[in-house]
Amino acid sequence: MHSNLPLRHHFSLRSLNTFGIDACAGTYLRVESTAQLRAALADPALAALPRLVLGGGSNLLLTGDFPGLVLHIALQGREVLDGDALHHHVRAAAGENWHQFVQWSLAQGVPGLENLSLIPGTVGAAPIQNIGAYGAETKDFFHSLTAYDPASGELVVMDAAACRFAYRDSVFKQEAGRGLIIMDVTFALPRAWRPNLRYAELAQAVAEQGMAQASAQQVADTVIAVRRRKLPDPAEIGNAGSFFKNPVVSGGQCAQLLARFPALVHHKQADGSEKLAAGWLIDQCGWKGRSLGAAGVYEKQALVLVNRGGATGADVQRLAQAIQDDVEARFGVWLEPEPVFV
């Protein structure tokens, strides 16, 4: 039944994950249209296989070959919509490169996403992870998305409430929404734009350039420069960006930690809890720049695990586990990985 689909078998995924892990898909399909996706999931033989939906592969750790069907979402397209009195609306297909989409929206005269510049991955992955950086998150600008529901074979439109956004989390990472496949995302960007410089490091970097009133493009350029200074380019050294979430602890637990570690980096949250800097915790345990085999911790940012060449997913897992164990032993805090382990 699927003879007309451009299926590939025993297909290498090395170039499709930013860690550069060499693993194979049992069956691979590059999805370039809704019709292709419908056809694949209507095929009983393909629908019966274990399924992995792949975007830019930037939030993924392949721990071995994937024996089932890999659906590589490569849908393209972007447009500025009418919006409303307060917002411009911009829509992009799930397979669009996220950073290129941000740059494109700025070029259209529609600012708002500039703080999220240079985050790797695709537009479709942004709401799944509720990506965020420098004082902004996807949920801050989200309007709606269209998702394909394999269970019903229908397209569904979801607003922010339906997506259940939380810190680096959404319904798509939970049982209720894990099977949904995002097709496009619409963002609501403010017509009355003002630069978001709440994040101290970004504000300082802008101030150092002597900008009295930074434009959206200048903010984007500054974010890009800061990220390039701190984070490795996946094209040069395999990585998935920040590997661990910043742990959130109670105010009481934070106070106890501060009594023992006065230099603890922490940020008070609206509900009274405290978000700790995972990179600082890892650095204090002496992991920055160290390696276990071919997997290591980036020299400039302890939050980033890297493939120094030829690392397997198991190598990265062992390194992550060792870091988790050391941080828990010293601080009583458990670090949760950001990437999905497959």
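This short talk goes through the two open sheets, two helix crossings and one pocket of the structure shown above, which is a predicted model.

Let me begin with the sheet of 4 strands, which is open, has the order 1-2-5-3, and shows mixed pairing. Its edge strands are strand 1, residues 8-12, and strand 3, residues 51-54, each of which pairs on one side only. If we ignore direction, neighbouring strands of this sheet are turned against each other by 40° on average. At the strand 1 end of that order, strand 1 and strand 2, the latter covering residues 24-31, pair in the antiparallel sense over 4 bridges, and you can find the pairing in the viewer by looking for Ser 12, which stands opposite Cys 24 in strand 2.

The other sheet I want to describe is also open, and here 5 strands follow the order 6-7-12-10-11, with antiparallel pairing. Strand 6 and strand 11, the latter spanning 154-159, stand at the edges with a single partner strand each, so one side of each is left without a neighbour in the sheet. The average turn between neighbouring strands, direction again ignored, is 20° in this sheet.

As a general reminder, strands of a sheet pair through backbone hydrogen bonds, either parallel or antiparallel. On one side of the order, strand 6, residues 78-81, is joined to strand 7, residues 87-93, by 4 bridges, and these two strands run antiparallel. Leu 81 has His 89 in strand 7 as its bridge partner. Between the two strands of this hairpin there are 5 residues, and in the hairpin Gly 83 takes a positive phi near 75°. On the other side, strand 10, residues 142-149, pairs with strand 11 over 6 bridges, again in the antiparallel sense, and Tyr 148 has Leu 155 in strand 11 as its bridge partner.

Now to the helices, where helix 7 takes part in both of the crossings I have chosen. How do helix 3 and helix 7 run relative to each other? The axes of helix 3, residues 98-107, and helix 7 come within 10 Å and cross at roughly 155°; because angles over 145 degrees count as roughly antiparallel, helix 3 is roughly antiparallel to helix 7. The crossing in which helix 3 passes helix 7 is left-handed.

Helix 6, residues 200-208, also has an axis that comes within 10 Å of that of helix 7, and there the two cross at roughly 110°, which means that helix 6 is roughly perpendicular to helix 7. The crossing of helix 6 and helix 7 is right-handed.

Finally, the second largest pocket, which holds about 660 Å³ of space. Its lining consists of 29 residues, and those nearest the centre of the pocket are Thr 18, Asn 97, Pro 120, Gly 121 and Pro 234. Which elements give two or more residues to this lining? They are strand 5 (66-73), helix 7 (216-230) and strand 13 (238-242), so helix 7, which we met in the crossings with helix 3 and helix 6, appears here as well. By residue class, the lining of the second largest pocket divides into 10 nonpolar, 14 polar and 5 charged residues.

Conventions
Residues are numbered from 1 along each chain as its sequence is written. This is a predicted model: local features need pLDDT of at least 70, side-chain atom pairs count only at pLDDT 80 or more; totals for chains, interfaces and linings use all residues. Side-chain values use heavy atoms; hydrogens and water are left out. Two strands pair if DSSP finds at least two bridges between them. On a 1 Å grid over the protein atoms alone, a cavity is a set of points where a 1.4 Å probe fits but cannot get out, and a pocket is an open set with protein on both sides within 12 Å along at least five of seven lines; lining residues have an atom within 4 Å of a point. Grid points are joined across faces, edges and corners, and a volume is the space filled by probe spheres set on the points. Ala, Val, Leu, Ile, Met, Phe, Trp, Tyr, Cys and Pro count as nonpolar, Asp, Glu, Lys and Arg as charged, and the others, Gly among them, as polar. Axes are lines fitted to C-alpha atoms, for helices over the stretch in contact, and angles run from 0 to 180 degrees between N-to-C directions. Angles under 35 degrees count as roughly parallel, over 145 as roughly antiparallel, 65 to 115 as roughly perpendicular and the rest as oblique. A crossing is left-handed if the near helix is turned anticlockwise from the far one by less than a right angle, and right-handed if clockwise.
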